[in-house]
Amino acid sequence: MRILKNGDLHVTVPLGYTKAELKAFLEQNQEWIRQARQNTFEREKRRQEFFSKLPLETREQGEEAYRRLQQMIPPLVEKYARLMNVKPGRICYKAMISQWGRCNVKNHDICFSAYLLLLPDWCVEHVVVHELAHLKEANHGASFHALMDTYFPRWREARKETIRISGMEE
Ligand SMILES: [Zn+2]
């Protein structure tokens, strides 16, 4: 049973479950459902509040964000690319609200969310190292985590802090 972002409830039941059984099941879990729905709404509200701190509607706002990103991101990318011995491709920025970064493992291009401007420096650094680590390791497996341990030992903490501030993972 899970709650979607819009508050809808998705229930998976075994085959052969009757309508009456399902109804009883939902009644038994009423309180859990109410609470989970409430949490989902609150998390979504926090997310929206977070993203609205960086308005990107006008051309001026976009240009200003681009200027600040260009000051912040490329130096970090260069620093860690050297340390990690990887060759990133082109860097781009998008107003992504579901991912902090996206790495194309074929051509090594990396796209960063403009909303990184809303995170503390060390959390931004964590995202940069995470994306560069994908140039060595495509998946989030044990060897990926080993890379993170080596190049950004506080990655778990940074990840937690990022989720706490923004409601957004990855
Ligand atoms: Zn990743």
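**Figure 1. Helix 4 meets helix 5 in this predicted model.** Let us start where helix 4 and helix 5 (residues 142–151) pass each other: their axes come within 10 Å and cross at roughly 135°. That angle makes helix 4 oblique to helix 5. The crossing of this pair is right-handed. Which residues of helix 4 meet helix 5? On the helix 4 side they are V129, H130 and A133, and their counterparts in helix 5 are F144, L147, M148 and Y151. Sorted by class, the contact of helix 4 with helix 5 has 6 nonpolar residues, 1 polar residue and no charged ones.

**Figure 2. Helix 4 also crosses helix 6.** Here the view moves to helix 4 (residues 121–133) and helix 6 (residues 155–166), whose axes come within 9 Å and cross at roughly 115°. The two helices are therefore roughly perpendicular to each other. The crossing of helix 4 and helix 6 is left-handed, whereas that of helix 4 and helix 5 is right-handed. Helix 4 brings W122, C123 and H126 to this contact, and helix 6 answers with W155, A158, R159, E161 and T162. The residues of the contact of helix 4 with helix 6 divide into 4 nonpolar, 2 polar and 2 charged.

**Figure 3. Helix 3 packs against helix 4.** The next close-up shows helix 3 and helix 4 with their axes 10 Å apart, packed at an angle of about 50°. This makes helix 3 oblique to helix 4. As for handedness, the crossing of helix 3 and helix 4 is right-handed. Helix 3 contributes M72, I73, L76, V77, Y80, A81 and M84, while V124, E125, V128, V129 and L132 come from helix 4. How many residues of the contact of helix 3 with helix 4 are nonpolar, polar and charged? The contact holds 11 nonpolar residues, no polar ones and 1 charged residue. If you keep an eye on V129 of helix 4, you will find this residue in the contact with helix 3 and again in the contact with helix 5.

**Figure 4. Three strands make an open, mixed sheet.** The order of the 3 strands is 3-5-4. Why is one side of strand 3 and of strand 4 left without a neighbour in the sheet? Strand 3 (91–94) and strand 4 (101–103) stand at the edges with a single partner strand each, so one side of each has no neighbour in the sheet. From one strand to the next, the twist averages 20°. Helix 3 (residues 59–84) lies across strand 3 and strand 5, and this helix runs at about 140° to strand 3.

**Figure 5. Strand 5 pairs with strand 3 and with strand 4.** Strand 3 and strand 5 (residues 110–113) run parallel and are joined by 4 bridges. Along this pairing, I91 stands opposite I110, and Y93 has F112 as its bridge partner. Strand 4 and strand 5, by contrast, run antiparallel, with 3 bridges between them. On this side, C103 stands opposite I110 of strand 5. I110 is thus a handy landmark for the reader: I91 stands opposite this residue, and so does C103. Strand 4 and strand 5 form a hairpin with 6 residues between them. Within the turn, look for H108, which has a positive phi of about 70°.

**Figure 6. The chain is assigned two domains, domain 1 and domain 2.** To finish, step back to the domain assignment of the protein, which gives domain 1 as 2–52 and domain 2 as 59–166. How many Å separate the centres of domain 1 and domain 2? Taken over C-alpha atoms, the centres are separated by 33 Å.

Conventions
Residues numbered from 1 in each chain as written. Predicted model: local features only at pLDDT ≥ 70, side-chain atom pairs only at ≥ 80, totals over all residues. Pairing = 2+ DSSP bridges. Axes fitted to C-alpha atoms, helices over the stretch in contact; angles between N-to-C directions. Contact = placed C-beta atoms within 7 Å. Parallel < 35°, antiparallel > 145°, perpendicular 65-115°, else oblique. Left-handed = near helix turned anticlockwise from the far one by under 90°. Nonpolar A, V, L, I, M, F, W, Y, C, P; charged D, E, K, R; others polar. Domains from an automatic or database assignment.
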